[in-house]
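The following exercises concern cysteine pairing, enclosed space and chain composition. Please examine the structure before reading the solutions.

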Amino acid sequence: MSASTPPLSGPPKPQAKALNCPKCGAAIVLRSFGQAETVVCASCHCILDAKDPNLAILQQFEIKTSDIKPLIPLGTRGKLRGTDYEVIGFQRRSTQVDGITYRWHEYVLFNPYKGIRYLSEYNGHWNDISICKMLPMSEGASANYLGEIYKHFQTCDASTDFVLGEFPWQVRVGKHAGVADFVNPPRILSSEKMANEVTWSIGEYMYGREIWEAFKLPGAPPEAMGVYENQPSPVTTNVTGMWVAFAAFAMLLLALMAGFDMRAKKEPVLHETFHWERAKVAGETSLVTDVFELKGRPSTVEVKTWAPVSNEWIYLNYALINQDTGQAWDFGREVSYYSGYDSDGSWSEGSRNDSVVIPSVPSGHYYFRIEPEVDPAVPAIAYSVAVTRDVPVFGIYGIAFLALLVPVVIISFRAYTFERSRWSESDHPPMQFSSSSGDDE
Amino acid sequence: MFRKLYLLYGALVLSTAAFGQYRGWSLDTINQLKNVPKSVRDNPGSYRSVYSGYHHYTGGK
């Protein structure tokens, strides 16, 4: 807004021209200082020629309902995007698509220095609209305006149902216009074709609360329903950029995994085979291994167990005990393997190998206490225990990968569902549903 | 904005993964005990694992 523009919101107000309706005698107020082509009598709904000093009657229409009431009353003044405007006209328009009537409202705003602009409202979605200063270039399913590409959204036939106040054109109820919308959220480019005249307008999405604040309207704006054609997506992030960032992180994670895998010592510290015989272990079954030394920083210790079981099990109660400090890591591992043959063919489950990784074991002298429990059907079995220090845990990378992936998937899904909702209302829905053959019969 | 947050978050995830790997984190659940008596080495039966005596799977299809 230029500093020289006098405000409209504060007193003193500019003087509006007061006239009377030639049909019903009701007072007619002209607020647009000669810019109006037509003015509508609020009392008898006559559309009058605002350019005629006698206000010639151009059309009279009847309203079937008294529910049509502008959300912003005529004469309301407010500051829209830094400029003062007064609401001077209101019209309701509609279109029919597949037998469903869609209605929206348009408000004519006037500033004596800035001229006319418009607000449109549909289901709580608002647009601030002005006439294009340059002719957009229509390129098939898209249009180019000031270097920005707008995608075609829909084309429909719009008719005017109801008018009130002043209009800078020859407004008529029942008048039809071919409307084509092109979108580049939050902007919308519309062409309106009447007879041989095409008018292009550019709009920008506004939230109801912004309108309410601008015109200082009481209460709360109607809640926006659904997704509007040029409504900005709540996902403001560049989704492709997010995937690029994810790919970069995944590569780094891979490099990290390779680096730690090469750096891991994978140092064997114990490998023993134990023989268990039921006849010899009538009493205590537990045993201890030789003492081994773990060196260096706290690291993982992998315990691998192998037992030649076949349709049987062996369970080993392990305790890795630090000989010096008495600290112990206690865990149990089962090795079992079952196989057979039935009507579905051969099957197997379990494994003769088991592996477990003990976390963050500090350096020191250790030994294992092992207490085997064996399937009652097994008279004797030999099992091996192999202990390796400082092994990489690949599961950590798996969790990190998922942690990196999940936010990107959520963002992408939100963006996709929003755009899908937007375009499902267009002439180019994301998925075409073919009608059943029964409809044609 | 969100992309910057994600970059920060990703860096944190990678750092945590690297730190965990360096410190020897594991995904297995292992019960830790303290002050196991030294006599266990000479008398293994004096220690009882918290996992011993469980019912074991006697599987098969």
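Four exercises with worked solutions follow, and the model they treat is predicted.

**Exercise 1.** Determine how many disulfides there are over all chains, and examine Cys24(A) and Cys132(A).

Solution.
Step 1. A disulfide is a covalent bond between the sulfur atoms of two cysteines. The criterion applied here is a pair of cysteine sulfur atoms within 2.5 Å.
Step 2. For Cys24(A), the closest cysteine sulfur belongs to Cys41(A) and lies 3.6 Å away, which is too far for a bond. Cys24(A) is partly exposed, because its relative accessible area is 37% and the partly exposed class lies between 20% and 50%.
Step 3. For Cys132(A), the nearest cysteine sulfur is that of Cys156(A), 17 Å away, and Cys132(A) is in no disulfide. Cys132(A) has a relative accessibility of 13% and therefore counts as buried, the limit being under 20%.
Step 4. Over all chains, the count of disulfides comes to zero.

**Exercise 2.** Describe the largest cavity: its volume, its lining residues and their classes.

Solution.
Step 1. One cavity of 30 Å³ or more is counted. The space in the largest cavity is about 60 Å³.
Step 2. Chain A lines the largest cavity with Phe260(A), Arg263(A), Ala264(A), Arg297(A), Asp390(A), Val391(A) and Pro392(A), while chain B provides Gln21(B) and Tyr22(B).
Step 3. Two or more of these lining residues come from each of helix H2 (239–263) of chain A and helix H1 (2–23) of chain B.
Step 4. Sorted by class, the lining of the largest cavity holds five nonpolar, one polar and three charged residues.

**Exercise 3.** Characterise the second largest pocket by volume, lining and residue class.

Solution.
Step 1. The volume of the second largest pocket is about 340 Å³.
Step 2. Its lining comprises 18 residues; those nearest the centre are Arg117(A), Ser130(A), Ile131(A), Lys133(A) and Ile202(A).
Step 3. Strands S9 (115–122), S10 (125–131), S13 (148–167) and S16 (197–206) of chain A each give two or more residues to this lining.
Step 4. The lining of the second largest pocket has eight nonpolar, eight charged and two polar residues.

**Exercise 4.** Summarise the secondary structure, burial and exposed area of chain B.

Solution.
Step 1. Chain B contains one helix and one strand.
Step 2. Chain B has 61 residues, of which 28% count as buried.
Step 3. The area exposed by chain B is about 4200 Å², and 58% of it is supplied by carbon and sulfur atoms.

Conventions. Residues are numbered from 1 along each chain as its sequence is written. Chains are lettered from A and ligands numbered from 1 in the order in which they are written. This is a predicted model: local features need pLDDT of at least 70, side-chain atom pairs count only at pLDDT 80 or more; totals for chains, interfaces and linings use all residues. Side-chain values use heavy atoms; hydrogens and water are left out. Helices (H or I, at least four residues) and strands (E, at least two) are DSSP runs, numbered from the N terminus. Buried means under 20% relative accessible area, exposed over 50%, partly exposed in between (1.4 Å probe, protein chains only). Accessible areas come from the Shrake-Rupley method with a 1.4 Å probe; for residues, only the protein chains shown count as cover. On a 1 Å grid over the protein atoms alone, a cavity is a set of points where a 1.4 Å probe fits but cannot get out, and a pocket is an open set with protein on both sides within 12 Å along at least five of seven lines; lining residues have an atom within 4 Å of a point. Grid points are joined across faces, edges and corners, and a volume is the space filled by probe spheres set on the points. Ala, Val, Leu, Ile, Met, Phe, Trp, Tyr, Cys and Pro count as nonpolar, Asp, Glu, Lys and Arg as charged, and the others, Gly among them, as polar.
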